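Please work through the following exercises with the sequence and the model side by side. Each one sets a task and then solves it step by step.

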Amino acid sequence: MSQIPAVDAASGKASPRHIAIIMDGNGRWAESRGKARIMGHKQGVEAVRETVRCATRLGVEALTLFAFSSENWRRPEEEVNFLMELFLLVLGREVKKLHKNNIKLRVIGDCSAFSARLKKKIDEAQALTADNTGLVLNVAANYGGRWDIVQATRQLVEQAVQGELQSSDITEDFFAKQLCLAELPAVDLMIRTGGDHRISNFLLWQLAYAELYFTDTLWPDFGEQAFSEAVAAFLSRERRFGCTGAQVRAWMNESK
Ligand code: IPE
Ligand code: IPE
Ligand code: MG
């Protein structure tokens, strides 16, 4: 039952410790205004800023944002190039502010595909903020849930080849330790903007018991209002983790 989070004594509800977001709908936001899709990505950066502010204010421990999937390389070259340049620009521009706000920035995903320039910026940003103790902000870039499971498996096979690991050592907890986000609380709430109801190869293992929240709001329009609505929806849910509703309610009353 390790996944059951602590309950807030006042409300009897557990507020989310870890929120993950599929930031979707940038292209449609721009297209509906007769603009190029890239303008939607540019505007999306504002929504990221606002969401980081909201998460910090709520006291969330970790925020994981899906910025670029392992499948997004399939997009037109100009759009991919723009997204890479934007990532570089935003990292350069925002990292000092993140550091000032005690935020620890992590990039999760296969960074080997990025340019040397981008890799250097990512390394510098992670190093600068490594010792910060506030919000952990994970940016998933060239991330895929299947990639994550495969890279974890490779690490374990490597250890087995070295004779350091038996197949019986591989439990769920042991396996999970090799995955991205292992050191953080489990994802409590996964939000997807843009109206589609799918995971699109985001965190596959890590979402096992997350509450899923889908909104039609397009990512550039996502702000304080939409964030609070998502959190309110989360708080209204009953998380059962395989138990019965009666068991959960008894446990909630005990911990009040
Ligand atoms: C999400 O917005 C951003 C990325 C995937 C990089 P989209 O670009 O997917 O926007 P839509 O879904 O086409 O509107
Ligand atoms: C998911 O959005 C990836 C990100 C938001 C970074 P997509 O727009 O790529 O997802 P699909 O293609 O509609 O499933
Ligand atoms: Mg999309």
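**Exercise 1.** Leaving aside neighbours within four places in sequence, which residues is Gln126 in contact with?

Before solving, note that this is a predicted model, in which local features need pLDDT of at least 70, side-chain atom pairs count only at pLDDT 80 or more, and totals for chains, interfaces and linings use all residues. Residues are numbered from 1 along each chain as its sequence is written, chains are lettered from A and ligands numbered from 1 in the order in which they are written, and side-chain values use heavy atoms, with hydrogens and water left out.

*Solution.* Begin by locating Gln126 in helix 4, residues 116–129 (helices are DSSP runs of H or I with at least four residues, strands are runs of E with at least two, and both are numbered from the N terminus). Then list the contacts, meaning heavy atoms within 4.5 Å: Gln126 is in contact with Leu105, Arg106 and Val107. With Val107 the side chain of Gln126 also reaches the backbone nitrogen, at 2.6 Å. Finally, Gln126 counts as buried because its relative accessibility is 14%, where buried means under 20% relative accessible area, exposed over 50% and partly exposed in between, with a 1.4 Å probe and protein chains only.

**Exercise 2.** Find where UniProt places the feature "active site", and describe the surroundings of each residue.

*Solution.* The UniProt record, an unreviewed entry, places this feature at Asp24 and Asn72; the positions follow the numbering used here, feature names are shortened, and annotations may be inferred rather than shown by experiment. These residues span 49 residues in sequence, yet no two of their C-alpha atoms are more than 12.0 Å apart, so they gather at one spot.

Next, take Asp24, which is found in the loop between strand 1 (18–22) and helix 1 (26–31) and is buried because its relative accessibility is 18%. Beyond four places in sequence, Asp24 touches residues including Asp196, Leu218 and Trp219, and its side chain makes a polar contact with the side chain of Arg192 at 2.9 Å (a pair of N or O atoms within 3.5 Å; within protein, one must be able to donate a hydrogen and the other to accept it, and residues adjacent in sequence count only if both atoms are side-chain atoms).

Then turn to Asn72, in the loop between strand 2 (62–69) and helix 3 (77–100), where a polar atom of the Asn72 side chain lies 2.7 Å from the backbone nitrogen of Ser69. Asn72 is buried, since its relative accessible area is 17%.

**Exercise 3.** Identify the oxygen contacts that ligand 1 makes with Asp24, Gly27 and Arg75.

*Solution.* Start with the side chains: a polar atom of Asp24 lies 2.8 Å from an oxygen atom of ligand 1, and one of Arg75 lies 2.7 Å from an oxygen atom of ligand 1. For Gly27, a backbone N or O atom lies 2.9 Å from an oxygen atom of the ligand.

**Exercise 4.** Which is buried and which is exposed: His197 or Glu211?

*Solution.* The unreviewed UniProt entry lists Asp24, His197 and Glu211 under "binding site". His197, in the loop between strand 5 (189–192) and strand 6 (211–214), is exposed because its relative accessible area is 63%. Glu211 lies in strand 6 and is buried, its relative accessible area being 16%. Among the residues that Glu211 touches beyond four places in sequence are Asp188, Phe234 and Arg237.
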